[in-house]
Amino acid sequence: MPEINMEKLDKQQVQLLAEMCILIDENDNNIGADTKKNCHLNENIEKGLLHRAFSVFLFNTENKLLLQQRSDAKITFPGCFTNTCCSHPLSNPGELEENDAIGVRRAAQRRLKAELGIPLEEVPPEEIQYLTRLYYKAQSDDIWGEHEIGYILFMKKNVTLNPDPNEIKSYCYVSKEEVKELLRKAATGKIKLRFKIITETFLFKWWDNLHNLNVFIDHEKIHRM
C-alpha cells in the first residue's frame, strides 16, 4: 500500500477522518464502528470493510436539482461533480436510530448545514424522503476509496445556501437536460462515480415523478451496482 503523507492533506479534512462511521454487513446490519479514515482506505476496503452512507438529491420548486462540485481539499474524489450532498451517518445515538431511517435523515440534515450552509430548520429530517438503498464501491486513487451502502434521500424545497469553501468548490441548480450534457462530457470532466451510476440507472424516472415518489419507495431491496 502506498504511504500516506498526512501533512500534504488539508488540515480541516484530516480532522474529519477521526469521525466514527457505522460499520455494516452486506445486508446493512450494524456491526460496529470505525474511523472515517479506516473506512476509506483501499487496504481496508479490499478486506471487506463496509459502512453506511447517504446521498441527498435536493430540488427547488422549479424541479431543478442542486449539484455541487467537491472542493479540491477533499481527500476522496476532489473536484468531482456530484449530487447535492453525500456523506455518512455517525456512530452516535441520534444517527444510529434505524426506525424509518431517521438516524440517516438526521445525518443528512447535519451535513446539508455543514457543507451547503442550509439552516437546520429548512431541512428537518421529517421532510427528507428515504427512497431506497444502493451498494457502492469505488477507488478514488491508490490510497483512498469508498465502500458503502448508501441511503437515497430526496427533498423538494427552496433553501438558503451559504456553502463552506473547504467542502464545496462550486454549486448550481440544473435541469435534466443539463445533467445529461454533464454526463456526455464525463470523459473530459470529473463526475463522482456514484452520482453517475445513480443518474444512469434511476435518477430521471425519479425526477419525472417528484410529485409522486411514493411509488418508488423500496426499503427492502439493496440495489447492488
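At what angle do the axes of helix α6 and helix α7 cross? In this predicted model, the answer is roughly 160°, with the axes of α6 (residues 176-184) and α7 (residues 193-207) coming within 12 Å of each other. That angle is over 145°, so α6 counts as roughly antiparallel to α7. The crossing of the two helices is left-handed. Angle and axis distance are the usual pair of numbers here, since two packed helices are described by exactly those quantities.

As for who touches whom, α6 brings K176, V179, K180, L182 and L183 to the contact. On the α7 side, the partners are F195, K196, T199, E200, F204 and W207. Sorted by class, the contact of α6 with α7 is made of six nonpolar residues, four charged ones and one polar one.

Both helices also turn up in the largest nonpolar core, a set of 21 residues. Within this core, F57, L65 and F154 have the most contacts. Two or more residues come from each of the strands β3 (51-59), β4 (65-70), β7 (129-139) and β8 (145-156), and the same goes for helices α6 and α7. The largest share belongs to α7, which supplies seven residues. In general terms, nonpolar side chains tend to be buried together in soluble globular proteins.

F154 is worth a look on its own. Setting aside neighbours within four places in sequence, F154 contacts F57 and F59, then E127, I128, Q129 and L131, and finally L203, W206, L210 and L213. Apart from the core just described there is another one, of 20 residues, and its members include A101, V104, L153 and V159.

Back at the start of α6, S175 sits in the loop between β9 (168-174) and that helix. Is S175 buried or exposed? S175 has a relative accessible area of 17%, so with the cut-off at under 20% it is buried. Not counting residues up to four places away in sequence, S175 touches K64 and W207; W207 is also one of the α7 residues that meet α6. S175 and E62 are 113 residues apart along the chain, yet their C-alpha atoms are separated by 9.1 Å.

Next come the backbone oddities. Most residues other than glycine have a negative phi. Which way do D28 and D100 go? Phi of D28 is positive, near 70°, and D100 also has a positive value, about 55°. D28 lies in the loop between β1 (20-24) and β2, whereas D100 is found in the loop between α4 (93-96) and α5 (102-116). The two residues also part ways in accessibility: D28 is buried, with a relative accessible area of 5%, while D100 is partly exposed at 46%.

Finally, strand β2 (residues 30-35) holds G32. The relative accessible area of G32 is 27%, so this glycine falls between the 20% and 50% cut-offs and is partly exposed. Leaving out residues up to four places away in sequence, G32 touches C21, I22 and L23. Along the chain, G32 is 189 residues from K221, and the C-alpha to C-alpha distance between them is 22 Å.

Definitions and conventions:
Residues numbered from 1 in each chain as written. Predicted model: local features only at pLDDT ≥ 70, side-chain atom pairs only at ≥ 80, totals over all residues. Heavy atoms only, no water. Axes fitted to C-alpha atoms, helices over the stretch in contact; angles between N-to-C directions. Helix = DSSP H or I, 4+ residues; strand = E, 2+ residues; numbered from the N terminus. Parallel < 35°, antiparallel > 145°, perpendicular 65-115°, else oblique. Left-handed = near helix turned anticlockwise from the far one by under 90°. Contact = heavy atoms within 4.5 Å. Nonpolar A, V, L, I, M, F, W, Y, C, P; charged D, E, K, R; others polar. Core = buried A, V, L, I, M, F, W, Y, C linked by side-chain atoms within 4.5 Å. Buried < 20%, exposed > 50% of the residue type's maximum accessible area, 1.4 Å probe, protein only.
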